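Me: I'm new to protein structures and would like some help reading this one. Can we take it one feature at a time?

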Amino acid sequence: MNWKRAKTLFIIVFILVNISLIVIYIDKVNKSHINESKDENKVDFKQEEITIPQHLQSVDGVKMQLLTARSKDFSSYAKDKDDVSAESSGRVAKGDMKDAISIKNNAFTDLKKFIVDDVYKGTQYQMSDVSNDKVTFEQTYQSFPIMNNNKAQLTFNINDDEEATDYRQTAMQTIEPSKGENNSKKQVISARSAIEALYYNRYLKQDDEVTKLRLGYYTVVKEPNVQVLEGNWEIKVKHAGEDKVKTYYVEAVSKSPKIIEES
């Protein structure tokens with residue numbers, strides 16, 4: 001056996017093993033520093049005495065882009081329906097319900113069935129608000145609500161007997177990605193990042209409470225019959241010392257999001 005050659009081979013193997021161990025160690029250290037950096041950038045809301053929801057909506061893999069949509073003209077649709085009429089140049093469908101539907105103690109089951117069976121594209125609407133005299137549903141796109149938009153809503157009037165008697169409907173159609181450059185789908189920022197954006201822009205202060213937040217589409221360009229919709233986080237905040245809950249819209253596909261305060 002050539003011991004000199006074996007000794008040289010052993011030294012080479014030893015050096016290679018050590019190099020591999022050093023590379024693995026450096027990689028672990030770098031990852032550790034990245035995680036530490038992320039943790040350092042997080043706002044400690046408990047320490048700031050700001051209350052946020054305990055469970056936040058996950059958006060892993062959720063991507064959004066700008067959308068263009070047109071208002072639905074209900075004129076032709078209403079002609080084929082005895083209990084539906086078109087108003088406001090066809091942009092509104094007014095429905096008269098033959099039989100009032102009770103909303104007492106049934107989690108709106110009967111009303112939701114009516115929407116699916118008898119309302120134009122009823123499966124695209126989801127409940128958003130309930131008051132003493134109205135129940136409001138919002139149109140959705142790919143399961144996300146078109147938020148706070150009176151051109152994409154379904155509203156039922158409720159009488160003193162807690163019955164739905166008639167409805168008013170608006171809808172968006174031909175919803176598609178906006179034309180133009182730089183409108184590829186982008187990853188949505190996390191719910192926590194959206195709340196932190198409010199904090200860094202001084203919309204959140206000590207003793208404030210984030211009462212609710214949800215992801216959907218918000219209108220950023222409004223024309224009479226055409227609108228541009230953008231992915232946004234809708235965040236509701238109860239400010240310390242104020243009775244009214246304020247609503248903010250935080251751009252959902254930017255690391256430096258724009259913020260709109262609802263007037």
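Reply: Sure, let's start with burial. A residue is buried under 20% relative accessible area, exposed over 50%, and partly exposed in between, using a 1.4 Å probe and protein chains only. Y167 has a relative accessible area of 4%, so Y167 is buried. This is a predicted model, where local features need pLDDT (the predictor's confidence in each residue, from 0 to 100) of at least 70, side-chain atom pairs count only at pLDDT 80 or more, and totals for chains, interfaces and linings use all residues. Residues are numbered from 1 along each chain as its sequence is written, and side-chain values use heavy atoms, leaving out hydrogens and water.

Me: How many aromatic pairs does the structure hold?

Reply: Rings of Phe, Tyr and Trp (its six-membered ring) pair if their centres lie within 6.5 Å; planes under 30 degrees apart are stacked, over 60 edge-to-face, and the rest tilted. Here there are 12 aromatic pairs. Take F114 and Y167: their ring centres are 6.1 Å apart and their planes at 65 degrees, so they are edge-to-face. F114 is buried too, at 15% relative accessible area. Together with F137 and F156, F114 and Y167 form one aromatic cluster.

Me: And which residues does T170 touch, leaving out those up to four places away in sequence?

Reply: Contact means heavy atoms within 4.5 Å. Among the residues T170 touches are F74, R91, Y125 and N150. T170 has 5% relative accessibility, so T170 counts as buried.

Me: What share of the residues score at least 70 in pLDDT?

Reply: That's 84%, and the chain averages 89. Over residues 31–38, though, the pLDDT is below 50, and this stretch has 0 contacts in the model beyond near neighbours in sequence.
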